[in-house]
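Subject: Structure handover

Hello,

Here is the structure you are taking over. My notes on it follow below.

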Amino acid sequence: MTRAVEGFSVTHRRYISYSEAHYAGNLVDGAFSLAMFGDVATETCIRTDDDEGLFASYSDVQFLAAVRAGDIVEATGVITRVGNRSRTIDFTLSVVCRGRPDRGGSSADVLAEPIIATKATGTVVVPTS
C-alpha cells in the first residue's frame with residue numbers, strides 16, 4: 001500500500017467499441033467518462049487505503065470534446081487533497097488514438113497531442129484506519 005499523498009495518480013486506458021456508441025456520429029455519452037473516473041477512483045483508494053472507498057460527490061464536471069467509438073481513451077486521477085477520511089481527486093479523460101472511418105476499413109491514428117475530452121473533480125471517502 002502507498003500512503004495517500006497529494007500528487008499520487010492512477011491511469012486507465014481503454015478502447016471504445018462501436019457497441020458503446022450512443023448517438024449519431026458514433027458519439028459516446030458522457031456517462032462513459034464518469035464510469036472510467038469511478039474505476040480510477042476505486043483503484044486509487046485500493047492503492048492508498050487498502051479499501052475500495054466510496055465515491056461521495058463531484059464538485060465539477062466539464063465535457064470539453066467528443067468521445068467516439070473507435071477512440072482509445074486514457075483516464076487519469078490525481079489526488080489533490082488528503083483529509084482524515086476524504087480525498088479530492090482531479091480527473092482527466094483524454095483521447096489518445098482516434099478511429100478514422102472516413103478512410104475506410106479499420107484505419108486509425110495515434111494523436112500527436114491528446115484531446116482532453118472530460119475534466120472533473122471528485123471526492124471519495126475511505127474508512128478510518
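This is a predicted model. I start with the strand pairing: β2 (residues 54-63) and β5 (residues 108-125) run antiparallel and are joined by eight bridges. Two positions help to locate this pairing on screen. Phe 55 stands opposite Val 124 in β5, and the bridge partner of Tyr 58 in β5 is Gly 122.

β5 also pairs with β4 (residues 86-99), again antiparallel, through 13 bridges. Here you can use Thr 92, which stands opposite Lys 119 in β5.

These pairings belong to an open sheet of five strands, with antiparallel pairing and the order β1-β3-β4-β5-β2. The edges are taken by β1 (9-15) and β2; each has a single partner strand, so one side of each has no neighbour in the sheet. On average, neighbouring strands of the sheet are turned by 25° against each other, direction ignored.

Next, the packing. The largest nonpolar core has 23 residues, and those touching the most other members are Val 67, Val 73, Phe 91 and Leu 93. At least two residues of this core come from each of α1 (31-49), β3 (72-82), β4 and β5. The largest share is that of α1, with six residues.

Phe 91 is worth selecting if you want to look at the core from one position. With neighbours within four places in sequence left aside, Phe 91 is in contact with Phe 37, Val 40, Ala 41, Phe 55, Tyr 58, Thr 76, Gly 77, Thr 118, Lys 119, Ala 120 and Gly 122. Two of the names in that list, Phe 55 and Tyr 58, were met above in the pairing with β5, where Phe 55 stands opposite Val 124 and Tyr 58 is partnered by Gly 122. Gly 122 is itself a contact of Phe 91.

Last, the cysteines. How many disulfides are there? With the sulfur atoms of a pair required to lie within 2.5 Å, the count is zero. Are Cys 45 and Cys 97 buried or exposed? The cut-off for buried is under 20% relative accessible area. Cys 45 has 1% relative accessibility and therefore counts as buried. Cys 97, at 17%, also counts as buried.

Regards

Definitions and conventions: Residues numbered from 1 in each chain as written. Predicted model: local features only at pLDDT ≥ 70, side-chain atom pairs only at ≥ 80, totals over all residues. Heavy atoms only, no water. Buried < 20%, exposed > 50% of the residue type's maximum accessible area, 1.4 Å probe, protein only. Pairing = 2+ DSSP bridges. Helix = DSSP H or I, 4+ residues; strand = E, 2+ residues; numbered from the N terminus. Core = buried A, V, L, I, M, F, W, Y, C linked by side-chain atoms within 4.5 Å. Contact = heavy atoms within 4.5 Å. Axes fitted to C-alpha atoms, helices over the stretch in contact; angles between N-to-C directions.
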